Amino acid sequence: MISSGFFTRSDRTTISRAARLAETLTQRYFDLAPDEWRRYPYRIFTRGEVDKTFHQSEIFAHLVRFGETTSSRGDQRRDEPFGIVLQDPNILLALLRSARHDLWTLGLFILTHELTHIVRFRRFDVDLFPSTEERDKEEELVHGITSEILAGVTNTDYILALYEPSGSRVSKARFI
Ligand SMILES: [Zn+2]
């Protein structure tokens with residue numbers, strides 16, 4: 001039974017399992033070292049674990065960095081760990097609106113998308129804080145890569161179409 005509110009302990013377990021699969025799929029897609037995600041760990045937060053300033057009403061998730069976000073020269077550092085902040089109330093509300101997908105599938109989609117952002121930033125020199133135009137382009141690109149990664153994975157086609165960045169006004173700002 002899905003209810004609005006925050007993730008339960010069981011939901012967190014589902015998310016952890018989805019994260020393991022998302023790690024494996026992104027590692028294979030980008031041909032990363034098998035220990036990539038152990039060497040560059042990230043943390044998953046839910047809304048209850050972060051300050052109110054990180055609460056967002058329009059998105060499912062966004063990335064944060066730990067520690068200093070700039071070097072002494074003002075550059076973004078690429079070796080600091082990432083956090084993925086999941087907006088669990090928004091995710092649970094989306095699940096309430098549709099009986100066609102579940103937390104496992106939506107969680108896998110969101111985490112694959114966010115891990116792709118992390119790889120793009122760390123490996124492909126993508127700006128983490130781009131202009132609006134650049135951000136829209138990056139979102140489309142990341143969505144396309146997420147679609148390729150999840151091609152053939154059970155039950156993800158419907159979600160990929162639903163959250164296609166171009167086309168739908170609502171989904172435009174769904175992810176960061
Ligand atoms: Zn995104």
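User: What makes Leu 106 and Leu 111 stand out in the largest nonpolar core?

Analyst: In this predicted model, the largest nonpolar core has 25 residues, and Leu 106 and Leu 111 are the ones that touch the most other members. At least two residues of this core come from each of α1 (9-29), β3, α3 (88-97), α4 (103-124) and α5 (132-150). The most is given by α4, which supplies eight residues. Leu 111, leaving aside its neighbours within four places in sequence, is in contact with Ala 18, Ala 19 and Ala 22.

User: Why is Phe 82 called buried?

Analyst: A residue is buried if 20 or more other C-beta atoms lie within 10 Å of its own, and Phe 82 has 20 such neighbours, so it counts as buried. Phe 82 belongs to strand β3, which covers residues 82-86. Its contacts, once neighbours within four places in sequence are set aside, are Tyr 42, Leu 63, Arg 65 and Ile 118. One of these partners, Tyr 42, is 40 residues from Phe 82 in sequence, yet the two C-alpha atoms are 4.9 Å apart.

User: What makes β3 as a whole largely enclosed by the rest of the structure?

Analyst: Four of its five residues are buried, and therefore β3 is described as largely enclosed by the rest of the structure.

User: Why are β1 and β2 called edge strands?

Analyst: The sheet is open and has three strands in the order β1-β3-β2, with mixed pairing. Because β1 and β2 each have a single partner strand, they stand at the edges, and one side of each is left without a neighbour in the sheet. From one strand to the next, the twist averages 25°.

User: What makes the pairing of this sheet mixed?

Analyst: Two strands pair if at least two bridges are found between them, and β1 and β3 are joined by five bridges and run parallel, whereas β2 and β3, also with five bridges, pair in the antiparallel sense. On the β2 side, His 62 has Val 85 of β3 as its bridge partner, and Val 64 has Gly 83 of β3. Val 85 of β3 also stands opposite Phe 45.

User: How do you know that α4 packs on the sheet, and which strands are touched?

Analyst: Contact is the criterion here, with C-beta atoms within 7 Å, and α4 touches β1, β2 and β3, its direction making about 35° with that of β2. The helix itself has 22 residues and reaches 30 Å from its first C-alpha to its last, which is close to the 32 Å expected at 1.5 Å a residue.

User: What is notable about the residue just after α4?

Analyst: Just after α4, Asp 125 takes a positive phi of about 60°, and this residue lies in the loop between α4 and α5. Most residues other than glycine have a negative phi. A positive value also appears at Asp 31, where phi is near 55°, in the loop between α1 and α2 (36-39).

User: Why are Asp 31, Ser 57 and Asp 125 called exposed?

Analyst: The cut-off for exposed is 12 or fewer other C-beta atoms within 10 Å. Asp 31 has 7 C-beta neighbours inside that distance, so it counts as exposed; Ser 57 has 8, so it counts as exposed; and Asp 125 has 9, so it is exposed. Ser 57 lies in the loop between β1 (42-46) and β2 (61-65), and its C-alpha atom is separated by 8.7 Å from that of Pro 89, which is 32 residues away along the chain.

User: How many helices and strands does the protein chain have, and in what order do the elements run?

Analyst: The protein chain has six helices and three strands, running α-α-β-β-β-α-α-α-α from the N terminus on. Of its 176 residues, 25% count as buried. Among contacts with a separation of 6 or more, 73% are between residues 24 or more positions apart.

User: Over which residues does pLDDT stay under 50, and what is the average for the chain?

Analyst: The protein chain averages a pLDDT of 83, with 84% of the residues scoring at least 70. Over residues 167-176, however, pLDDT stays under 50, although the model has 17 contacts beyond four places in sequence for this stretch. Where pLDDT is low, the predicted coordinates should not be read in detail.

How values were computed
Residues numbered from 1 in each chain as written. Predicted model: local features only at pLDDT ≥ 70, side-chain atom pairs only at ≥ 80, totals over all residues. Contact = placed C-beta atoms within 7 Å. Core = buried A, V, L, I, M, F, W, Y, C linked by C-beta atoms within 7 Å. pLDDT = per-residue confidence, 0-100. Axes fitted to C-alpha atoms, helices over the stretch in contact; angles between N-to-C directions. Expected span 1.5 Å × (residues − 1).
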